[in-house]
Structure formats: C-alpha cells, structure tokens
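Please look over the helix packing, the nonpolar cores and the loop geometry of this chain. The report below takes them in that order.

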Amino acid sequence: MPYRRLPTTDKARIRALNAALGKVIKQDGKKLAFSNHSVEELQNVKNNFENHLTQYELDTKLQTENIKEYKTVFDRAKMYVSHFIQVLLFASERGEINGGIKYYDGLDAYEGKVPPLNTEAEVLEWGNKMVKGEQQRMQHGGSAIYNPSIALVKFKVAELHDAAVFQQTLKRNTLRSFDKMQNLRKLTNEFISKLWTEIEETIEAETPKQKRQIAQEYGIVYVFRRNEKKTLTAQELQTDLLFEFA
C-alpha cells in the first residue's frame, strides 16, 4: 500500500494547505471531509505560516544584499588604515616623525611591516590604535600626516564599525526568523498530519484506491514504494498519475 508523505519544503506545505482550503472555497454546499473547527484552524495555520515565511525571506534577502555593501566598506577601511601605516612607517624610517612610532601601541613589534589587516577585528583594532597614537603624537608637537589624513582614517574606521553593527543586527534578525520558521515548520506539519488523518477517516468510498484519489483532491500526497510501483499495470499507472513515486 502507498503511504502518506508529509511536506518537506515550505512550498509543499503551502501547497498542501492551499489544496485543503481550496476544497472549502469550492464546497458549494457539499459535505467537507473535515470539521468547521478544522477549517478555522486551517486558515489560521496558513496565514501564520505564510506571514512568518515572508518575514524570514525578507530578513534573509536584506542580510544577503547588505553583505556586498559591508564588504565595500570593509575593503575601503582596510585600505585607508593600511596606507596610513605605510606612510607612517616610511616617514619614521626617514626620521621625519618625532618620537618615531612609540605612540602607536604595538606597531614596533612588526619591525617596519604593516600588521595583519585580514579581519574586521584587526582593521578596527589597528585603525583605532592609529587614531589614538596620531592624536598623542600631535599633542607632543608632531606634524600631521596626510594622504591619508588621520581624520579620514578615523571616518573610514567609524564607517566600518557602523556597517559591522548593522550587519550583525541583520544576521540576528535572520537567525531569529530562522528559529521561528524551524518551529513553525514542525507545528505546521503536525497540523497537516492531523488534518489528513481526519480527511482519511471521514471520506467514504468503495475501495481504498477511490478513497486515496478523493483524498488527493484535499492535498494528501501518497507515495508508492519501489516494489509496489513494479506491480502496477499500465492502466493503473495512468489512473494514479497524481501519485508521487519514492
């Protein structure tokens, strides 16, 4: 005997709910295979699922679209921090920087090389160190470094910080929506299973095959096992075109 298969995708869940709701819309005074209480619950489940799915898809889209903007901001900030450090190191090597690089915490440990700037944390860390160090050096009478200026570096670092906070917010929204959808998928499948059981128990038909074919009109999906499929005749295959094969 073929067995019922519950939806495994969001589209399939909506399709199953719509199929059952479609029977309500086309009722025309005919008796439904499920109760009025189930009709009300069906409408609520469908609306709730579609609303949360729309929100989840929106959150996912916003996060994905913002990644490109975030990467642009990150690359820009990295470039400005790197260029400022390079100019600073060259000027220090030429003896044009009063006090050398002592005001820039930890920079001397890299022996004239630019520190790693491969991650958001590293760019923010060294960007802030450059801003703080340059302010301290200038307070001690040093001349400002230009091309890029520390003001521009500070702006790019702040821009990266804001972009990172925004991206994290979008990520949290997506994760929260995902968790809600995971729970809702489980609850929706539980409702569909309960509804399908009610439909099967209510339908009256002469044979199991006729009963399944009526049930399919309500959205129930049946699957033949491979060994069952082999035993079907061509006529039976034609009759059961609505069945899905495992």
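## Helix packing and cores

H1 and H2 cross in a left-handed sense. A crossing is left-handed if the near helix is turned anticlockwise from the far one by less than a right angle, and right-handed if clockwise. This is a predicted model, in which local features need pLDDT of at least 70 and side-chain atom pairs count only at pLDDT 80 or more, while totals for chains, interfaces and linings use all residues. Residues are numbered from 1 along each chain as its sequence is written, and side-chain values use heavy atoms, with hydrogens and water left out.

Helices are DSSP runs (H or I, at least four residues), numbered from the N terminus. Two helix pairs can be set side by side. Axes are lines fitted to C-alpha atoms over the stretch in contact, and angles run from 0 to 180 degrees between N-to-C directions.

| Pair | Packing angle | Axis separation |
|---|---|---|
| H1 (residues 10-25) and H2 (residues 36-93) | about 145° | 10 Å |
| H3 and H4 | about 145° | 10 Å |

Contact means heavy atoms within 4.5 Å. On the H1 side of the first pair, the contacting residues include Ile-14, Leu-17, Leu-21 and Val-24, and on the H2 side they include Val-39, Leu-42, Phe-49 and Leu-53. The residues of this contact divide into 10 nonpolar, 2 polar and 4 charged. Here Ala, Val, Leu, Ile, Met, Phe, Trp, Tyr, Cys and Pro count as nonpolar, Asp, Glu, Lys and Arg as charged, and the others, Gly among them, as polar.

H1 has 16 residues and spans 22 Å from its first C-alpha to its last, close to the expected 22 Å at 1.5 Å a residue. The expected span is 1.5 Å times one less than the number of residues. The buried residues of H1 (buried means under 20% relative accessible area, exposed over 50%, partly exposed in between, with a 1.4 Å probe and protein chains only) pack against H2 and H4. Among them are Asp-10, Arg-13, Ile-14 and Leu-21.

H3 has 20 residues and reaches 29 Å from its first C-alpha to its last, close to the 28 Å expected. Its crossing with H4 is left-handed. Val-123, Leu-124, Met-130 and Val-131 are among the H3 residues that meet H4, where the partners include Ile-150, Val-157 and Leu-160. By class, this contact has 8 nonpolar, 4 polar and 3 charged residues. The buried residues of H3 pack against H2 and H4. They include Trp-126, Lys-129, Glu-134 and Arg-137.

Now the cores. A nonpolar core is a set of buried Ala, Val, Leu, Ile, Met, Phe, Trp, Tyr and Cys residues joined through side-chain atoms within 4.5 Å. The largest core has 28 residues, of which Val-81, Leu-88, Tyr-104, Leu-107, Met-130 and Leu-160 touch the most other members. H2, H3 (120-139) and H4 (150-202) each give two or more residues to this core. The largest share, 10 residues, comes from H2. Leu-160 is in contact with Tyr-70, Val-73, Phe-74, Ala-77, Glu-120, Val-123 and Leu-124, leaving aside neighbours within four places in sequence. A second, separate core of 21 residues includes Phe-191, Ile-192, Leu-195 and Tyr-218.

## Single residues

Which residues does Thr-188 touch, not counting those up to four places away in sequence? They are Arg-13, Leu-17, Val-45 and Phe-49. Thr-188 lies in H4 and is buried, at 2% relative accessible area. Its C-alpha is 9.5 Å from that of Pro-7, 181 residues apart along the chain.

Asn-66 lies in H2. Its relative accessible area is 13%, so Asn-66 counts as buried. Beyond four places in sequence, Asn-66 touches Phe-166, Gln-167 and Leu-170. Gln-55 is also found in H2, but is partly exposed at 39%.

## Loops

A cis peptide bond joins Asn-147 and Pro-148, with omega about 5°. Asn-147 lies in the loop between H3 and H4. Asn-147 has a positive phi of about 60° although it is not a glycine, and is exposed at 70% relative accessibility. Glu-111, in the loop between H2 and H3, has a positive phi near 50°. Glu-111 is exposed at 71%. Just after H3, Gly-141 takes a positive phi of about 95°.
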